[in-house]
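Q: Could you take a close look at one salt bridge for me, and then walk outward from there to the rest of the chain? Keep it chatty, but give me the cut-offs as you go.

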Amino acid sequence: GIFERMFAREFIELEKLAGVDGPSFERLRLFTDTVIQDVNRMLRLMPIAYEFLSLAFRRKLVQDAFKIYINKYMDILLPIIQQGIDSGEFRKVSPLEVGIAIGSIIEGTILLWVYDQELVNPEIHIRSGINLILSGIKT
């Protein structure tokens with residue numbers, strides 16, 4: 001459906017990061033870059049996306065689609081975070097809590113942009129928010 005088409009390319013690019021060697025911090029920076037590229041590409045569709053999201057509160061089919069979406073993000077993020085913990089690059093933190101915080105920065109920044117496009121710059125504020133999280137977990 002439309003939902004799968006909107007996110008198919010994004011997930012192909014993000015899934016490539018799972019197999020990349022190198023420091024987790026750098027892989028999460030590449031993750032951030034990829035997400036920002038896709039957000040910039042999809043900003044004009046955000047009114048449609050939020051209309052779709054409003055249905056999620058009333059329709060199980062839409063809830064299930066968003067559940068798949070968030071779990072795909074977590075399937076990519078959590079192993080990278082765990083590898084950073086295992087290598088000593090990151091403090092011993094909950095990968096799930098870090099993943100949800102990163103997802104919240106992305107989704108929340110987009111929503112704030114919808115509220116006030118003069119105040120919020122998705123590219124700048126997603127990047128700075130994720131950088132703050134990553135700075136907080138680095139050893």
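A: Let's start in helix α2, which covers residues 24–42: E26 and R29 sit 3 residues apart there, so about one helical turn separates them. Helices here are DSSP runs of H or I with at least four residues, strands are runs of E with at least two, and the numbering goes from the N terminus. The two side chains form a salt bridge, with 3.3 Å between the closest N and O atoms. For that label, a side-chain nitrogen of Lys or Arg has to be within 4 Å of a carboxyl oxygen of Asp or Glu.

Before going further, a word on where this comes from: it's a predicted model, local features need pLDDT of at least 70, side-chain atom pairs count only at pLDDT 80 or more, and totals for chains, interfaces and linings use all residues. Residues are numbered from 1 along each chain as its sequence is written, and side-chain values use heavy atoms, with hydrogens and water left out.

Back to the pair. E26 is partly exposed at 33% relative accessible area, and R29 is partly exposed too, at 39%. The bins are under 20% for buried, over 50% for exposed, and partly exposed in between, using a 1.4 Å probe and protein chains only.

Helix α2 has another salt bridge to show you: D33 meets R127, N to O, at 2.5 Å. D33 lies in helix α2 and R127 in helix α6 (residues 122–137), so this pair ties together parts that are 94 residues apart in sequence. Both ends are partly exposed, R127 with a relative accessible area of 29% and D33 with 28%.

R127 also has a partner within its own helix. Its side chain meets that of E123 in a salt bridge of 3.9 Å, N to O. R127 and E123 are 4 residues apart in helix α6, so about one helical turn lies between them. E123 is partly exposed, at 34%. Through shared partners, the salt bridges join D33, E123 and R127 into one network. The structure holds 4 salt bridges in total.

Now zoom out. The protein chain has 6 helices and 0 strands, which reads as α-α-α-α-α-α along the sequence. Its radius of gyration is 15 Å, which agrees with the value near 14 Å for a compact globule of 139 residues. That radius is taken over C-alpha atoms, and the globule rule is 2.2 Å times the number of residues to the power 0.38. Along its principal axes, the C-alpha trace spans about 40 × 35 × 25 Å. Buried residues account for 37% of the 139. Take the contacts (heavy atoms within 4.5 Å) between residues at least 6 apart in sequence: 67% of them join residues at least 24 apart.

As for charge, the mean positions of the 16 positive and 18 negative charges are 3 Å apart. Lys and Arg count as positive, Asp and Glu as negative, with His and the chain ends not counted; each charge is placed at NZ of Lys, CZ of Arg, CG of Asp or CD of Glu.

One last stop is L96, in helix α5 (residues 95–115). L96 is partly exposed, at 44% relative accessibility. Setting aside neighbours within four places in sequence, L96 is in contact with M74 and L78. L55, by comparison, is 41 residues from L96 in sequence and 26 Å away in space, C-alpha to C-alpha.
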